[in-house]
Amino acid sequence: MAKTQMGARVDEDVAELAKKRAADLGLSIGDYLARLVQDDASGLRSRAVDAAALFLAEHQTVFDEAEGSSRTARGAHAA
């Protein structure tokens, strides 16, 4: 593995492939890597939001019951 100017250690084959892909897109290698990170972060955010929505949908009855019971009983309240 060779050390690049950005301080990352990558195989020469991987570095060459990244340089070619960056050139194909008309980007510098730094801009190409930044784009990959941004795309990955966007994907993670999207999956997290989808997972949260699914969780809430699957457990909505629990939240509804907790909310309804807190109106009649004193003590703990649903979050």
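## Two crossed helices and the loop between them

H1 and H2 sit roughly perpendicular to each other, since their packing angle of about 95° falls in the 65 to 115 degree range that earns that label. Keep in mind that this is a predicted model.

Here are the two helices side by side:

| Helix | Residues | Residues in the H1–H2 contact |
|---|---|---|
| H1 | 12-25 | Ala 18, Lys 19, Arg 21, Ala 22 and Leu 25 |
| H2 | 29-58 | Ile 29, Tyr 32 and Arg 35 |

The axes of H1 and H2 are 9 Å apart. What classes of residue make up the contact of H1 with H2? There are five nonpolar and three charged residues, and no polar ones.

Now for the loop between H1 and H2, which is where you'll find Ser 28. Is Ser 28 buried or exposed? Neither, quite: its relative accessibility is 39%, and partly exposed covers whatever lies between the under 20% of buried and the over 50% of exposed. A polar atom of the Ser 28 side chain lies 3.0 Å from the backbone nitrogen of Asp 31. Looking back towards H1, Ser 28 and Ala 18 are 10 residues apart in sequence, with their C-alpha atoms 9.9 Å apart in space.

Zooming out, the chain has three helices and two strands, running β-β-α-α-α from the N terminus. Of its 79 residues, 6% are buried. The accessible surface of the chain adds up to about 6700 Å², and carbon and sulfur atoms account for 56% of that.

Technical notes. Residues are numbered from 1 along each chain as its sequence is written. This is a predicted model: local features need pLDDT of at least 70, side-chain atom pairs count only at pLDDT 80 or more; totals for chains, interfaces and linings use all residues. Side-chain values use heavy atoms; hydrogens and water are left out. Helices (H or I, at least four residues) and strands (E, at least two) are DSSP runs, numbered from the N terminus. Buried means under 20% relative accessible area, exposed over 50%, partly exposed in between (1.4 Å probe, protein chains only). Accessible areas come from the Shrake-Rupley method with a 1.4 Å probe; for residues, only the protein chains shown count as cover. Axes are lines fitted to C-alpha atoms, for helices over the stretch in contact, and angles run from 0 to 180 degrees between N-to-C directions. Angles under 35 degrees count as roughly parallel, over 145 as roughly antiparallel, 65 to 115 as roughly perpendicular and the rest as oblique. Contact means heavy atoms within 4.5 Å. Ala, Val, Leu, Ile, Met, Phe, Trp, Tyr, Cys and Pro count as nonpolar, Asp, Glu, Lys and Arg as charged, and the others, Gly among them, as polar. A polar contact is a pair of N or O atoms within 3.5 Å; within protein, one must be able to donate a hydrogen and the other to accept it, and residues adjacent in sequence count only if both atoms are side-chain atoms.
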